[in-house]
Amino acid sequence: MENLIVFGGKGGVGKSSISAATAVYLADQLKNKKILLISFDIAHNLSDLFDKKIGNDVTQITDNLFAIEPDPDKYAERYTGELAKKARILIKSSKVISMIPDLEVIITDSLQSKNIPLAMKNSLFFQSIIDAENPMADIGEKEMKYKGINQDDSTPIEDRKKIPAFDILVCDFPPTGNMIALFEVPQDNAQRSMKFSLRVMSSVQNSFNSIKKLTKWAKPAAWMAKGIIKDERNDDYKLDKEEKKNLAQDILDILHDMEQRSSRISSIIKGVGSLRLVSIAEKPSFEEVKRAKKMSEPYISIDSLHINRLIPENERGRSKYLDNLYGYQEKYQKLIHNEFSDLKIWESQLLDHPPIGYNGLMELAKNIYNDTPIADILNPLHRFLINPEANFDENPYQIKKIRKNWENA
Ligand SMILES: Nc1ncnc2c1ncn2[C@@H]1O[C@H](COP(=O)(O)OP(=O)(O)O)[C@@H](O)[C@H]1O
Ligand SMILES: [Mg+2]
């Protein structure tokens, strides 16, 4: 991936329109680049914008432009389903834990898709889509066959085209609070939940070991023999030592992968990511982009700001009403320029009809970008873009050590 462009700002200011317009324009100007437009807003509206059904599958719009409105549940499941399944088996196989059913419930519940916060699910999707060389590989290239331009539902899956690797991702982000959550999760929540499960597992392991050392009678097997407790383990979950070890190993591997992915993704976002704030020339939206800039600075480079829906100059003097509005907008337009003098400021006018459909979006794009060279649209501040190799040895949670504990257990 060469560029990751995300649009953020208050609801209703034109984020979706400008994201789509930008994607359409880039696709038109860069015929040899594959561009994917992604909507991260739960109130998806790409389908309305393009007047074409766009859902959980990558949908082709033009030769090199694709769009998707992901269903976060699907992707969360993919990330956590296997982990939850293995953790459950391991937990159920442990004599100690079979005595504390609550623990199992906590672990399995916390990993279930329906209990993962939407922001985290979205973020898991965000992660999978920007990950690796082929961003779609992780979400299952085979399952994600899209319908080609001249294909319909009756086209057998095998005959449909495969998801290409994308060169440029354009993302329509939800308003600020949820946008920050999208950045935070790869860096924070995913690791936090992973750390949590690791900690649960290793503390259970440790306490089990120390109990074993301290007292012989503490061995659940001895308790069971004496009839003090009942062995409630299901036969399916009686694993031998080797099986347990392998299962624990698998779980650690999955967690390790998640961790590597998280750091890789954070580096991609930092390296080739560009956040563009969208505002209108009004107080609430101005305040929001100020906040959004501060809050997202730790995660991504912010290189431009759009002031959308400006009343065209030639509308001046037509009515007192419009002139008042114009004066108000002018005030905030100046304030925005002053506040964000370090950013490239794009301006677009209030069009006399909503910018929808391919042509409408193209019109908005031309209104925004005029004759700006594509290189400046892609990288307005001429930042040095790095798509860094993540440092895969970096391992803040000492997984190797925990793994050793498992092996010794
Ligand atoms: N420059 C513009 N001129 C006219 N209408 C616009 C313009 N930009 C956006 N709109 C309209 O404003 C409404 C909100 O835009 P939208 O892109 O959905 O905002 P957001 O995604 O930020 O909520 C939509 O009806 C859209 O068609
Ligand atoms: Mg929107």
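In the predicted model, Asp-303 has a relative accessibility of 0% and therefore counts as buried. The side chain of this aspartate meets that of Arg-383 in a salt bridge, with an N to O distance of 3.8 Å. The contact links distant parts of the chain, since Asp-303 belongs to strand 7, which spans residues 301-310, whereas Arg-383 is found in the loop between helix 14 (374-378) and helix 15 (399-408), 80 residues apart. The pair is also part of a wider arrangement, in which Arg-276, Asp-303 and Arg-383 are linked in a network of salt bridges.

The loop between helix 14 and helix 15 also holds His-382. The phi angle of His-382 is near 50°, a positive value in a residue other than glycine. His-382 has a relative accessible area of 58% and is therefore classed as exposed. A positive phi value, near 55°, is likewise found at Asp-51, again a residue other than glycine. Asp-51 is placed in the loop between helix 2 (46-50) and strand 3 (59-60), and with a relative accessible area of 72% this aspartate is exposed.

A search of the whole structure finds eleven salt bridges. One of those that involve helix 11 joins the side chains of Lys-293 and Asp-342, with 3.1 Å between N and O. This pair, too, links distant parts of the chain, as Lys-293 lies in helix 11 and Asp-342 in the loop between helix 12 (320-339) and strand 8 (344-349), 49 residues apart. The two partners fall into separate classes of accessibility: Lys-293, at 12% relative accessibility, counts as buried, while Asp-342, with a relative accessible area of 43%, is partly exposed.

Helix 11 also contains a salt bridge between Lys-290 and Glu-287, in which the closest N and O atoms are 3.5 Å apart. Both of these residues lie within the helix (residues 283-296), where a spacing of three residues corresponds to about one turn. Lys-290 counts as partly exposed because its relative accessibility is 26%, and Glu-287 is likewise partly exposed, with a relative accessible area of 27%.

Glu-69 presents another situation, being buried yet without a salt bridge. The nearest side chain of opposite charge is that of Lys-53, 7.4 Å away, and because a salt bridge requires a side-chain nitrogen of Lys or Arg within 4 Å of a carboxyl oxygen of Asp or Glu, the separation of 7.4 Å from Lys-53 does not qualify. Glu-69 is situated in the loop between strand 4 (65-68) and helix 3 (72-93). Polar atoms of the Glu-69 side chain are instead found beside backbone nitrogens, with that of Leu-46 at a distance of 2.7 Å and that of Asn-45 at 3.4 Å.

The surroundings of ligand 1 comprise 17 residues, of which the closest are Gly-12, Lys-15, Ser-16, Ser-17 and Leu-351. Both backbone and side-chain atoms of the protein approach oxygen atoms of the ligand, as the following contacts show. A backbone N or O atom of Gly-12 lies 2.7 Å from an oxygen atom of ligand 1, and a backbone N or O atom of Lys-15 lies 2.8 Å from an oxygen atom of the ligand. For Ser-16, the contact with a ligand oxygen is made by a polar side-chain atom, at 2.8 Å. On its own, ligand 1 has 560 Å² of accessible area, and the protein covers 79% of this.

In terms of secondary structure, helix 1 (15-29) and strand 7 each supply at least two residues of the shell around ligand 1, with helix 1 providing the largest share, three residues. Strand 7 is thus shared between this shell and the salt bridge of Asp-303 described above. Classified by residue type, the shell has six nonpolar, eight polar and three charged residues.

A further long-range proximity concerns Tyr-358 and Val-24, whose C-alpha atoms are separated by 7.4 Å although the residues are 334 positions apart along the chain. Tyr-358 lies in helix 13, which covers residues 357-369, and with a relative accessibility of 33% this tyrosine counts as partly exposed.

Notes. Residues are numbered from 1 along each chain as its sequence is written. Chains are lettered from A and ligands numbered from 1 in the order in which they are written. This is a predicted model: local features need pLDDT of at least 70, side-chain atom pairs count only at pLDDT 80 or more; totals for chains, interfaces and linings use all residues. Side-chain values use heavy atoms; hydrogens and water are left out. Helices (H or I, at least four residues) and strands (E, at least two) are DSSP runs, numbered from the N terminus. Buried means under 20% relative accessible area, exposed over 50%, partly exposed in between (1.4 Å probe, protein chains only). Lys and Arg count as positive and Asp and Glu as negative; His and the chain ends are not counted. A polar contact is a pair of N or O atoms within 3.5 Å; within protein, one must be able to donate a hydrogen and the other to accept it, and residues adjacent in sequence count only if both atoms are side-chain atoms. A residue is near a molecule or strand if one of its heavy atoms lies within 4 Å of it. Accessible areas come from the Shrake-Rupley method with a 1.4 Å probe; for residues, only the protein chains shown count as cover. Ala, Val, Leu, Ile, Met, Phe, Trp, Tyr, Cys and Pro count as nonpolar, Asp, Glu, Lys and Arg as charged, and the others, Gly among them, as polar.
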